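User: Please go through the descriptive terms applied to this model and justify each one against its criterion.

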Amino acid sequence: MIVIAHLSDIHIGATPGSVDRANAVMRYLDAVPGDLDVVLVTGDIADHGVAEEYEEARKLLTSRHPVLVGPGNHDVREEFRRVLLGASDPGGRPINQVYRSSKAVYAMCDSSIPPRQNPGHLDDETLAWLEGVLEGERELPVFVAFHHPPVVLHSPIVDAIRLHRHEALESLLARHPNVAAVLVGHAHTAAATTFAGRPLLVGPGVISTLKLPWEEGGTSTDTCADYDVPPSIAFHVFDDDGRMTTHYRVIM
């Protein structure tokens, strides 16, 4: 059995409470009695992409569990690399990372478009990198993660800035049956659907929750973000039968 903790959109620096909300989530994860296979953080780590926000995030995103952190549309690749990843030669290329354990492979792709554009895109370099990861791993399940959802979620604000060029990714995943699931963020709401015949699971937002059109305030960009709802996370469980089950937890 594989257990993945999935959180997204912590937006350090967005509000005075952003650090406390992220800290509550990470302390909760450290306090769970069992071991997690990985903690995936699918983007928008900093709100303004500045060094001070990444310095805070670097202290927060530590755990006794393995942690894999990817960028989102609010992040800046150079500062992300230099401060959060400790790269000696930070550059502007996509931040693509792979983490391998004895039970699974986790491919964290960079779907951001510099400089800090809201829609997402997996460029040719990233798609080639992902294909290399998938070609090199035929036995273990692979979890593909990035920031922008590649499908419509029926949240107009998010749908307008979702992942572009999803057809190339869909075709790539279709050629690799050991891709177990696609894990994304960006929507600031927990959601579950499918993509390329696999589960597509959207991690809830830590900083806020976006209301949907049928909820009060969910049709206006000024009122759709609810900062009073506590942060939440997802636990994805991949069992020996190849079934993916997701549990959600609100962190008070």
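User: Which residue of β15 is the bridge partner of I233, and how do you know that β14 and β15 count as paired?

Analyst: The partner of I233 is R249 in β15. Two strands pair if DSSP finds at least two bridges between them. Strand β14 (residues 232-238) is joined to β15 by 7 bridges, in the antiparallel sense, so the criterion is met. The elements themselves are DSSP runs numbered from the N terminus: helices are H or I over at least four residues, strands are E over at least two. The hairpin of β14 and β15 has 5 residues between the strands, and G242 there takes a positive phi near 80°.

User: On what basis do these values rest?

Analyst: This is a predicted model, in which local features need pLDDT of at least 70 and side-chain atom pairs count only at pLDDT 80 or more, while totals for chains, interfaces and linings use all residues. Residues are numbered from 1 along each chain as its sequence is written, and side-chain values use heavy atoms, with hydrogens and water left out.

User: What makes β3 and β15 the edge strands of their sheet?

Analyst: The sheet is open, with 5 strands in the order β3-β2-β1-β14-β15 and mixed pairing. β3 (67-70) and β15 (244-250) each pair on one side only. From one strand to the next the twist averages 20°. Helix α1 (residues 18-31) lies across β1 (2-7), β2 (38-42), β14 and β15, and runs at about 35° to β14.

User: Why is helix α4 called roughly parallel to α6?

Analyst: Two packed helices are described by the angle between their axes and the distance between the axes. The axes of α4 (residues 124-135) and α6 (residues 166-174) come within 11 Å and cross at roughly 10°. Axes are lines fitted to C-alpha atoms, for helices over the stretch in contact, with angles running from 0 to 180 degrees between N-to-C directions. Angles under 35 degrees count as roughly parallel, over 145 as roughly antiparallel, 65 to 115 as roughly perpendicular, and the rest as oblique. The crossing angle therefore makes α4 roughly parallel to α6.

User: Which residues make that contact, and how do they divide by class?

Analyst: Contact means heavy atoms within 4.5 Å. On α4 it is made by L127, L130, E131 and L134, and on α6 by A168, L169, L172 and L173. They divide into 7 nonpolar, no polar and 1 charged. Here Ala, Val, Leu, Ile, Met, Phe, Trp, Tyr, Cys and Pro count as nonpolar, Asp, Glu, Lys and Arg as charged, and the others, Gly among them, as polar.

User: Is G91 buried, exposed or partly exposed, and what decides it?

Analyst: Buried means under 20% relative accessible area, exposed over 50%, and partly exposed in between (1.4 Å probe, protein chains only). G91 has a relative accessible area of 24%, so it is partly exposed. G91 lies in the loop between α3 (77-84) and β4. Leaving aside neighbours within four places in sequence, G91 is in contact with R77, E78 and R81. In α3, the buried residues are R77, F80, R81, V83 and L84, and these pack against α2 (51-60) and β3.

User: How do you know that both faces of β5 are covered?

Analyst: In β5 (residues 105-108), V105 and A107 on one side and Y106 and M108 on the other are all buried. Strand β4 (residues 97-100) is joined to β5 by 4 bridges and runs antiparallel to it, with Y99 opposite Y106. With strand β7 (residues 142-145), β5 pairs in the parallel sense over 4 bridges, and M108 stands opposite A145.

User: What makes strand β11 largely enclosed?

Analyst: Of the 5 residues of β11 (residues 198-202), 4 are buried, so the strand is largely enclosed by the rest of the structure. Strand β9 (residues 179-184) is joined to β11 by 3 bridges in the parallel sense, and V182 has L200 as its bridge partner. Strand β10 (residues 191-195) is antiparallel to β11, with 5 bridges, and A192 stands opposite L201.

User: How many disulfides are there, and are C109 and C224 buried or exposed?

Analyst: There are 0 disulfides, a disulfide being a pair of cysteine sulfur atoms within 2.5 Å. C109 is buried at a relative accessible area of 0%, and C224 is buried at 4%.
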